[in-house]
Amino acid sequence: MIPAGTAFSLLILALAALAAGLVARRVRLWKSGSEARLVSAVGRTISAVSADKLIAGLKALPRRYLVDVHHVVGRDPYAARMHALAAGGLLGGSLLALAGLIPVLGMSRLFWAVVALAFAAALAGGFMVGRRRLPEKPARLSGGRFQRLPLYLAAYTGGGLLVALAGVLPPLAPQALLASFGWLGLALAAGGGIGLVLQIDRGPMRHAFAGAAHLVLHPRPGRFEGERATALAALDLDAPRLGAATPADFPVNRLIGFDACIQCGRCETACPAFAAGQPLNPKRLIQDLAAAIEPNATNAAYAGSPYPNARPVAGVGGPALPLVGAGAMIHPDTLWSCTTCRACVEECPMMIEHVDAIVDLRRYQTLELGALPLKAAPPLMELRYADETAGRPLAARTDFAAGLTLPLISARPAEKGPAEVLLWLGEGAYELRYGRTLRALVTLLLKAGVDFAVLGPEERDCGDLARRLGDEATFQRLARANIATLARYSFTRILTADPHALHALRNEYRAFGGEYEVVHHTAFLDELAASGRLTLGALGQARVTYHDPCYLGRYNGEIDAPRRLLDRLGLERLEMERSGKRSMCCGGGGGAPVSDIEGERRIPDIRMGQATATGAAIVAVACPQCSAMLEGVTGERPEVADIAELVLMAVEAAKLPAAQVLA
Amino acid sequence: MKIVVLLSAGRHRVSGQPAPVPVELQALRLAVELGGEVTVLHAGPELGALADALGHGVGRLIHRVIADGDDPLPSLMAALTDNPPDLILAGRSGQGGEDAGLLPYSLARALGRPILADAAGLSAGPEAGTLAVEQALPRGARRRVVLRLPAIVTVHPAAPAPLPFAFAAMRRGVIESAPGISAPQAVEVEERPYRPRPKLIAKAAAGASAAERLKAATQAAGGGGTLLVDPSPEEAARAILAHLAALGLRRDG
């Protein structure tokens with residue numbers, strides 16, 4: 001038994017006790033939150049406070065960590081290796097060294113060799129942490145306490161390595177030298193260890209235990225079972241307070257989620273509002289929320305990138321103090337900059353639910369305070385009394401189809417049985433540009449002999465805009481009214497070209513009793529082409545790039561059908577820098593176009609820049625919002641065409657001699 | 001200051017569904033921003049969508065229940081004389097009902113109070129008991145008028161947009177319902193086919209160039225006369241007397 005070894009084991013014990021004290025302090029702060037709740041895939045909320053759920057979460061923890069978290073972390077292989085070495089070596093080495101208190105082990109050279117190996121791995125991990133941050137720290141990483149992390153890691157793991165080596169080497173080196181080696185190591189380890197443990201309270205080490213707790217109590221457990229789990233939680237409109245005003249209004253497991261943030265900044269590099277210089281940085285937002293749970297909280301400790309063009313706020317808070325406002329932590333403009341594209345959620349290795357938090361905060365602003373951005377209030381007012389965002393007549397929704405056959409489902413003879421598809425037209429139908437897309441879609445349905453019908457003047461807005469702007473009351477009214485209308489007719493499936501309507505009808509209406517099979521037009525046209533109901537010609541050698549709508553790709557996981565369909569058209573398909581589930585938003589979601597928060601650039605301009613960079617001549621879109629946003633980009637740029645329009649061209653090309661199309 | 005805002009049973013301009021009248025919600029905003037004790041008042045068979053006014057910044061709604069087709073004036077009078085307010089605000093006309101825009105005038109006559117039309121902004125007057133009103137004139141012109149309270153003011157659509165609706169505020173709001181005064185009115189309606197009237201074009205610009213017609217259509221109507229900027233009181237008095245004399249309105253001159 002080496003004396004420094006025993007002392008080291010005791011040091012670890014003391015550090016563990018200190019850590020436990022700091023963890024307990026944080027846990028007490030979490031208790032200021034409301035009852036922990038889980039959200040099902042369709043947005044129903046249930047209490048998480050039950051022994052079964054806790055045990056299920058604990059059981060699932062290793063798999064959630066090793067599979068789901070690793071899946072996200074592994075997108076950056078350097079970070080994955082760094083974390084495996086640093087965290088694995090540190091925890092493994094420390095636990096082993098603690099076992100050195102058992103005399104048999106403490107005397108064994110082999111044992112100390114294993115400890116040395118673990119600390120050597122951790123030291124290598126610590127070195128990787130440092131190399132990533134030095135000499136120049138990437139903008140997405142936080143400084144301050146985070147910048148000191150590699151130093152503490154090196155001191156603690158290097159010290160541990162020295163102590164362990166002092167236990168391995170006795171016969172090979174003089175006793176006095178080894179003893180001084182060991183004591184030096186112990187001193188280093190003590191310094192580094194105290195530094196690390198203090199970072200549990202406020203600093204990078206907090207994510208270690210908060211992250212584990214977050215994975216156990218994750219508010220959307222469905223995400224670990226392969227569900228998309230993207231429907232917003234249905235709000236109980238009879239609750240005493242609607243939405244979240246203070247940290248205490250958030251369920252405990254959401255507060256834990258905020259603490260799980262390691263400030264890696266992947267969200268900020270993915271955020272379209274951040275890229276456009278609007279005052280939103282998802283990382284900073286989560287940090288502000290996490291900081292506010294302490295009494296007399298300030299936002300001063302944050303050392304990452306700020307909100308771009310940040311509006312001044314007092315930066316003070318507390319568990320029962322408001323979060324949003326110029327006199328609080330978060331400026332309202334920050335809240336309204338979000339396009340609810342979920343890119344931050346998709347990128348977050350700790351599986352934090354940023355969009356849920358933003359919508360909860362928006363709900364309070366809208367439902368309790370009526371504090372909406374200037375231009376967001378009129379559409380909600382029109383929705384309340386005209387069921388349409390611009391107060392246009394519902395009967396005018398089908399005007400785009402002048403001259404086409406557009407059968408009304410109400411006029412459908414009963415003997416024809418259920419319609420094969422009910423075509424949900426959506427908001428885009430009122431727009432001249434998107435009307436062209438819908439005309440193409442209707443023409444294709446007629447050509448393929450699909451038995452379809454529309455609701456016509458009985459179709460109300462799906463409520464997507466109201467819900468994203470926090471007006472849950474209007475959303476629920478519209479959802480119930482639409483469900484009642486749909487219940488009167490018989491159809492097999494709902495077909496829509498609007499991913500926002502698709503998401504509402506497919507996922508969000510379920511919490512209100514509306515269960516439908518909803519298919520997006522890209523998937524439906526793909527089916528028609530596969531089954532030979534549509535004959536496609538080739539569209540020449542045009543180069544096309546596909547822009548994934550957030551509400552189709554990230555929200556519903558449909559990224560293959562549109563690509564398959566484009567490939568059937570004989571086009572050369574190029575992928576943008578960001579595509580599929582990691583695609584970038586067009587800026588049209590979440591009510592961002594009506595909130596209209598000022599930034600430096602426009603999101604669609606950035607996205608169009610990425611499309612132009614591929615060298616494609618056409619940007620294929622599959623959503624009315626994307627179509628409107630990208631068509632709004634000025635200057636020289638690729639053409640914007642909906643996939644339905646391209647398919648119609650291909651169908652018409654099938655009749656023409658080749659090489660005449662898209663020459 | 002006690003302010004009562006009158007609400008009428010409106011309908012949405014396109015959908016025809018029952019809805020508050022936007023200009024009355026604008027009046028409500030002016031009242032809320034002016035400060036004081038604000039209530040809204042409606043006399044009619046049922047509230048329906050009018051309860052939504054409680055989501056636009058006011059906490060108390062008084063409803064006088066009368067039969068469909070009854071004249072609301074006696075009920076409103078009764079509600080307003082119980083606890084007389086300093087200021088009564090109304091929209092310049094309703095939307096969806098009979099909507100002659102006459103009710104505020106009948107009310108003013110019945111209450112014996114002055115009425116000022118088309119306010120686009122309100123603020124406290126220079127002395128206690130007065131109100132500074134920014135009055136909307138045609139073609140975007142504004143006139144500032146100081147009014148002694150109590151009074152009735154109707155609000156113009158050029159006033160600031162209504163405060164955004166807050167669902168929870170509506171839920172919290174208090175509705176005080178009481179029976180109104182039955183006042184059946186004999187409705188004598190004559191139906192005639194619509195006859196489009198000839199459009200009047202400003203005489204000066206008729207036949208002139210497009211630019212001149214545009215100028216005539218957009219320029220504030222200048223009624224001639226003399227413009228004195230910051231005149232001395234004597235000078236101003238002389239100018240007024242001269243003007244009255246020119247119009248032949250001076251008896252002693």
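This is a walk through a predicted two-chain model, stop by stop, with selections to make along the way.

**Before you start**

Residues count from 1 along each chain as its sequence is written, while chains are lettered from A and ligands numbered from 1 in the order in which they are written. Since this is a predicted model, local features need pLDDT of at least 70 and side-chain atom pairs count only at pLDDT 80 or more, whereas totals for chains, interfaces and linings use all residues.

The model scores ipTM 0.87 and pTM 0.90. Colour by pLDDT (the predictor's confidence in each residue, from 0 to 100): chain B has a mean of 88, with 92% of its residues at 70 or more. Where pLDDT is low, the predicted coordinates should not be read in detail.

**Stop 1: all of chain A**

Show chain A as a cartoon and you should find 26 helices and 12 strands; these are DSSP runs, helices being H or I of at least four residues and strands E of at least two, numbered from the N terminus. The C-alpha atoms fill a box of roughly 100 × 60 × 45 Å along the principal axes. The radius of gyration of chain A is 29 Å, which agrees with the value near 26 Å for a compact globule of 663 residues; it is taken over C-alpha atoms, and the globule rule is 2.2 Å times the number of residues to the power 0.38.

Of those 663 residues, 55% count as buried. Buried here asks for 20 or more other C-beta atoms within 10 Å of a residue's own, exposed for 12 or fewer, and partly exposed is in between, with C-beta atoms placed from the backbone.

**Stop 2: the annotated segments**

Select residues 6-24, 84-104, 110-130, 151-170 and 176-198 of chain A, which an unreviewed UniProt entry lists as "transmembrane region". Positions follow the numbering used here, feature names are shortened, and such annotations may be inferred rather than shown by experiment. Residues 6-24 of chain A are 100% helix and 0% strand, with end C-alpha atoms 27 Å apart. Over 151-170 of chain A you get 90% helix and 0% strand, and the ends are 29 Å apart.

**Stop 3: the big core and α26**

Now pick A:Leu422, A:Leu444, A:Ala620 and A:Val647, the residues with the most contacts inside the largest nonpolar core, which has 172 residues. Such a core is a set of buried Ala, Val, Leu, Ile, Met, Phe, Trp, Tyr and Cys residues joined through C-beta atoms within 7 Å. Helix α26 (643-653) of chain A gives the most to this core, with nine residues.

Stay on that helix: 10 of the 11 residues of α26(A) are buried, so it is largely enclosed by the rest of the structure. Among its covers are α17 (432-447), α21 (521-530) and β12 (639-642) of chain A. Zoom in on A:Val647; leaving aside neighbours within four places in sequence, A:Val647 is in contact (C-beta atoms, placed from the backbone, within 7 Å) with A:Leu444, A:Leu525, A:Leu536, A:Leu565 and A:Leu569.

**Stop 4: odd backbone spots**

Most residues other than glycine have a negative phi, and most peptide bonds are trans. Go to A:Pro135, in the loop between α5 (109-133) and α6 (145-168) of chain A: the peptide bond from A:Leu134 to A:Pro135 is cis, with omega near 0°.

Next, A:Arg342 has a positive phi, near 70°, and lies in the loop between α13 (332-336) and α14 (343-347) of chain A. A:Arg342 counts as buried because it has 26 C-beta neighbours inside 10 Å. A:Asp596 also has a positive phi, about 50°, but counts as partly exposed, with 14 C-beta neighbours inside 10 Å.

**Stop 5: where the chains meet**

The contact takes 16 residues from chain A and 14 residues from chain B. On the chain A side, α15 (354-369) and α16 (377-386) each supply at least two residues, and α16(A) gives the most, with five.

**Stop 6: chain B**

Finish with chain B, which has six helices and 11 strands in a box of roughly 55 × 50 × 35 Å along the principal axes of its C-alpha atoms. Of its 253 residues, 32% count as buried. Last selection: B:Pro150, in the loop between β9 (142-148) and β10 (151-155) of chain B, where the bond from B:Leu149 to B:Pro150 is cis, with omega near 0°.

How values were computed
Contact = placed C-beta atoms within 7 Å.
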